[in-house]
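Colleague: Could you take me closely through one part of this model, namely its salt bridges, and say which residues take part and where they lie?

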Amino acid sequence: MDCEVELEELSEDFIKELGNIGTGNAVSALSQLLNCPLEIDTPNLRILPFQQITEIITEAEVPLAGIMVEVFGEVNGMFLFLLDEAFTGQVIRLVLGDTVSDFTNLTEMEESLLLELGNIMCGSYIRALSQLMNVEIDVSVPQISIDMGGAILAAATSRFLRTSDELLMIDNLFCMDTDTFSGRILFLPEMESLHVLLRKLEEL
């Protein structure tokens, strides 16, 4: 059976549990980082074709901050956390007390903060995936890129010879003070790793 077809048939219960565990992993760590009460709504997890995801993230035609975390071990691929200028500015204001004057030219400290934010968010879903599928997953040091969404995605996919044509997209809604912000996580698995995950899922 075609791997992409199987991926689309992932159990709804599994997808829901991945979202619940991932969110639970993130809330307390993010609240401590941001030093403010934080709520994250139940995330929306979808399996979408690569082309459709490209269209979604390039639709607004605005620069994004992308934090990339490579995973390796039993599963190889990349998690990519995308956040817009408004979300980035709020995070930097809350933690550093700074006002971002140039989103495309952040200071080293501001970039370090965003890297930690991306590490927490991507790590929360990586741990959830590892727990649910009972697989060993190691992670790289996160990297940051501020560019148009399409360019960030192209840079991420260029690291692998063969990535799946179907990707997992996780939309999170963050509520901080009276403001609400959205952040998006993409999981780009290598083809061989996708087969590993599907075999593991069949065993559950």
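What follows is a close look at the salt bridges and the residues that form them.

Modeller: The model is a predicted one, and a search of the whole structure finds 2 salt bridges. In one of them, the side chains of Arg-46 and Asp-171 meet with an N to O distance of 2.9 Å. Arg-46 belongs to strand β2, which covers residues 44-49, while Asp-171 belongs to strand β7, residues 166-176, so this pair ties together parts of the chain that are 125 residues apart in sequence. The two partners can also be described by their exposure: Arg-46 is partly exposed, with a relative accessible area of 29%, whereas Asp-171, with a relative accessible area of 18%, is buried, because the cut-off for buried is under 20%.

Asp-171 also forms a salt bridge with Arg-184, and here the closest N and O atoms are 2.6 Å apart. This second pair again links distant parts of the chain, since Asp-171 sits in strand β7 and Arg-184 in strand β8, residues 179-189, with their positions 13 residues apart in the numbering. Arg-184 is partly exposed, its relative accessible area being 22%. Taken together, the salt bridges share partners and thereby join Arg-46, Asp-171 and Arg-184 into one network, with Asp-171 paired to Arg-46 and to Arg-184.

Terms used
Residues are numbered from 1 along each chain as its sequence is written. This is a predicted model: local features need pLDDT of at least 70, side-chain atom pairs count only at pLDDT 80 or more; totals for chains, interfaces and linings use all residues. Side-chain values use heavy atoms; hydrogens and water are left out. A salt bridge is a side-chain nitrogen of Lys or Arg within 4 Å of a carboxyl oxygen of Asp or Glu. Helices (H or I, at least four residues) and strands (E, at least two) are DSSP runs, numbered from the N terminus. Buried means under 20% relative accessible area, exposed over 50%, partly exposed in between (1.4 Å probe, protein chains only).
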